[in-house]
Amino acid sequence: MHLGGKTHRVKADVAIIGGGTAGLNTAMAAAECGASVLIVDKAHIQRSGAIAGGIDHFMAFMETGESWDTREAYLAYVGKVARGAANLRIHEKVLCDELPAAMARIEKMGISLRQEDGSYLRTQALGQPGPYSINFNGQRLKPAMALEVKRRKCRVLNRVQVTKLCLHEGEMAGFCGYDMRNGDFYEIQAKATVIATGNTNRMFKSQTGNPFNLWYCPANTGDLHRAAFDAGVELANVEYVRMTIVPKGFSAPGFNAFFGMGGKLVNGLGVPFMTDYHPQGDAAPRNVMVWAALTETKAGRGPIYVDVRHLSASDLAHLFSTLGIDKDTLPEFLMAKGYAREGAMIELTVSEPMQARPSEQCGSGIKIDEACASNVPGLFAAGDASDQMGCLHMCVAGGFYAGKQAAKYARARNRLLPLKAKELRQERLRVFAPMQRQNGLAPGEFENVVRIITTDHFGPIKNETSLKAGIAKLDALNSYRDELAAGDLHTLMRCHEAVNIHAVAKIVAETSLARTESRFSPYHHRSDFPESSDDWCGLVVARREGDNGVATRFETLLYDA
Amino acid sequence: MSAVIDKARCNGCELCALYCPLDVIYMEDGVAVVRYPDECWYCGACRQECARDAVSFKFTPAMLGI
Ligand SMILES: Cc1cc2nc3c(=O)[nH]c(=O)nc-3n(C[C@H](O)[C@H](O)[C@H](O)COP(=O)(O)OP(=O)(O)OC[C@H]3O[C@@H](n4cnc5c(N)ncnc54)[C@H](O)[C@@H]3O)c2cc1C
């Protein structure tokens, strides 16, 4: 029976929760500004988070003289594909102003964004007006970034799961967590804190039934969405559930590569269908592709395939190698399924839904302003965990920008705020409570029930009745949280993840209920309000109300065109 | 099923256990063992870090069969 090990008190100017793509860039910036920096990650920063195994596309405008390749054209694209979710004023700060430096930083770390001959290989998909996606080999990008933060003398706590934020008179004072390998308890004080813990996964049923067979990183379970929400932090864009199109049997990325290289989505009759749904056909925005795939299947024209038989031998060779850069094990999976490298019709399906951004050009989570600050002074957010950033380009560029802002805040504040001893004691008891219980509920079982409810009631299509009934079922699960039991520290982590997934699911449902229109269908599709409405062009902002309530308000977003 | 570690090849360097983003690999008796195979994400980080070529991947019947 574990009551937790030793207690450690650690202090920093800027503390970053989540050392993934965004968090490590945040750390680099804060260190460059002269701050003492601490990174806390529940995995190991060498290989943690979304790009643990690799990544292969970097989106950018490059001012090459083409009309689509300018900052203005790019912003117009964002305003179109992320309308009602992306705040363009924030986008200019976190992406446009930072983009050239972000690309130079990646290359300085020894990861080339170019081909061997020095040129850029750029492809077009996802509703882009031109080829914005630079193909590159990012298999070692995460280790390179981990090395860079060490070079900049940032301190790192690996395998520490953060469980709670601590406030002092309404301002961020610090946070706590535990080491899942030895049970030690960490109390961290920081002048500024940045949350960069990604999105929430394992929230909906997956295609094979295994909740870890997912497109996005199953270690990101909304831990800090829940902790921040409990601390009074506002969230936005969380009514959207994101999905993509993945190989049947294996929820792996590949969408951008397949369609960027000219693959065609065809139905079970062998007929390409994307032009029936969008003028850009297979280069349509992701949500339109998913909607089309769902519609074809529902109409009895499934299964769906990507046809790559018409690609040239060199394009096919590039396609298979880039698939293996984004997901190391995907090419051998396709071979094991019997697909040939010479080109094939590869069976695809719609992936599991997840709590994440409705477009590549925005985020979903902690609501940030133009300085990446949340509504709680001293608390910032970056990357997929924020409501305005997502994807590699924004996590690298915007992560860095958030680090500069946090360092500036820390410098101005100039002192650490106290942590409350009673609150820390209570949290320690809460954290280790599942280890005191015998014959309790396994976290996997609790999580499974959550997934059945979410999938039945809003995964993804929903209406007022399904949402209200789903919320009632999620609420009825509350009492089971106190029955979760863990026999070891690894399972303890899974217990906390299960509780966090459950809490975020409720916020997703409540915000979905508030938005009485449809947007980015099927990511937010209300069958009782199937059309988009200009009245809803903006953010549904959620905030905790009482013990178990979710209050929402609406914030309009304005676009020039 | 998941990442599979060849005990005969593993030299006990611990890198896979240290870095696995899902915390599924642990050291047992000086060699790396996939202790929570159902929680593997198939990201391939362990294989990329392994200098001894000791890691391979096995896909489940559900992944290959559906
Ligand atoms: C397989 C894959 C391929 C992709 N390919 C592309 C691509 O080619 N181009 C592109 O633009 N985008 C791509 N994306 C998206 C892009 O990788 C992500 O948007 C981006 O990397 C997210 O960065 P992040 O820092 O927000 O989250 P992550 O990099 O996932 O980092 C989150 C970190 O938080 C840690 N964490 C979570 N909870 C806690 C906790 N409680 N306490 C402490 N730490 C915690 C995690 O361990 C992790 O290290 C891909 C995503 C995936 C999954």
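The legends below accompany several close-up views of a predicted model.

**View 1. The ligand sits in a site to which chains A and B both contribute.**
Residues of chain A and of chain B surround the ligand, so the site is shared between chains. The shell around the ligand holds 36 residues, and the closest of them are Thr21(A), Ala22(A), Asp41(A), Asp223(A) and Asp384(A). Sorted by character, the shell divides into 17 nonpolar, twelve polar and seven charged residues.

**View 2. Polar contacts link the ligand to residues of chain A, including Asp223(A).**
A nitrogen atom of the ligand lies 2.8 Å from an N or O atom in the side chain of Asp223(A), whereas the backbone supplies the polar atom in the case of Lys42(A), which is 3.0 Å from a nitrogen atom of the ligand. The backbone is also the partner at Asp384(A), where a polar atom is found 2.8 Å from an oxygen atom of the ligand. Taken alone, the ligand would expose 1,000 Å², and the protein buries 97% of that area. The elements that give two or more residues to the shell are helix 1 (21-32), strand 7 (160-168), helix 6 (223-230) and helix 11 (391-413) of chain A.

**View 3. Gly20(A) lies in the loop between strand 1 (7-17) and helix 1 of chain A.**
Is Gly20(A) buried or exposed? Gly20(A) has a relative accessible area of 13%, and because buried means under 20% on this scale, Gly20(A) counts as buried. Along the chain, Gly20(A) and Lys404(A) are 384 residues apart, while in space their C-alpha atoms are separated by 17 Å.

**View 4. Strand 2 (residues 37-40) of chain A is covered on both of its faces.**
In a regular strand the side chains alternate between the two faces of the sheet. In strand 2 of chain A, Val37(A) and Ile39(A) lie on one side and Leu38(A) and Val40(A) on the other, and all of these residues are buried. Strand 2 of chain A runs parallel to strand 1 of chain A, to which four bridges join it, and in this pairing Ile17(A) has Val40(A) as its bridge partner. Strand 2 of chain A also runs parallel to strand 6 (residues 155-157) of chain A, with three bridges between them, and here Leu38(A) stands opposite Arg155(A).

**View 5. Three strands of chain A make an open antiparallel sheet in the order 3-5-4.**
Which strands stand at the edges of this sheet? The edges are strand 3 (57-59) and strand 4 (121-123) of chain A, each of which has a single partner strand, so one side of each is left without a neighbour in the sheet. From one strand to the next, the twist averages 35 degrees. Strand 3 of chain A is joined by three bridges to strand 5 (residues 133-135) of chain A, where the bridge partner of Met59(A) is Ser133(A).

**View 6. Strand 14 (residues 304-307) of chain A pairs with strand 13 and with strand 15 of chain A.**
Strand 13 (residues 264-266) of chain A runs antiparallel to strand 14 of chain A and is joined to it by three bridges, with Leu265(A) partnered by Val306(A). Strand 15 (residues 345-350) of chain A also pairs with strand 14 of chain A in the antiparallel sense, over four bridges, and Ile304(A) stands opposite Leu348(A) in this pairing. The loop between helix 8 (286-298) and strand 14 of chain A contains Pro303(A), which is joined to Gly302(A) by a cis peptide bond with an omega of about -10 degrees.

**View 7. Two loops of chain B contain aspartates, Asp23(B) and Asp53(B).**
Asp23(B) lies in the loop between helix 1 (15-19) and strand 2 (25-28) of chain B, and although it is not a glycine, it has a positive phi of about 60 degrees. Asp53(B), in the loop between helix 2 (45-49) and strand 4 (55-57) of chain B, likewise has a positive phi of about 60 degrees without being a glycine. As for their surroundings, Asp23(B) is buried, with a relative accessible area of 1%, whereas Asp53(B) is exposed, with a relative accessible area of 56%.

Methods
Residues are numbered from 1 along each chain as its sequence is written. Chains are lettered from A and ligands numbered from 1 in the order in which they are written. This is a predicted model: local features need pLDDT of at least 70, side-chain atom pairs count only at pLDDT 80 or more; totals for chains, interfaces and linings use all residues. Side-chain values use heavy atoms; hydrogens and water are left out. Two strands pair if DSSP finds at least two bridges between them. Axes are lines fitted to C-alpha atoms, for helices over the stretch in contact, and angles run from 0 to 180 degrees between N-to-C directions. A residue is near a molecule or strand if one of its heavy atoms lies within 4 Å of it. A polar contact is a pair of N or O atoms within 3.5 Å; within protein, one must be able to donate a hydrogen and the other to accept it, and residues adjacent in sequence count only if both atoms are side-chain atoms. Accessible areas come from the Shrake-Rupley method with a 1.4 Å probe; for residues, only the protein chains shown count as cover. Ala, Val, Leu, Ile, Met, Phe, Trp, Tyr, Cys and Pro count as nonpolar, Asp, Glu, Lys and Arg as charged, and the others, Gly among them, as polar. Buried means under 20% relative accessible area, exposed over 50%, partly exposed in between (1.4 Å probe, protein chains only).
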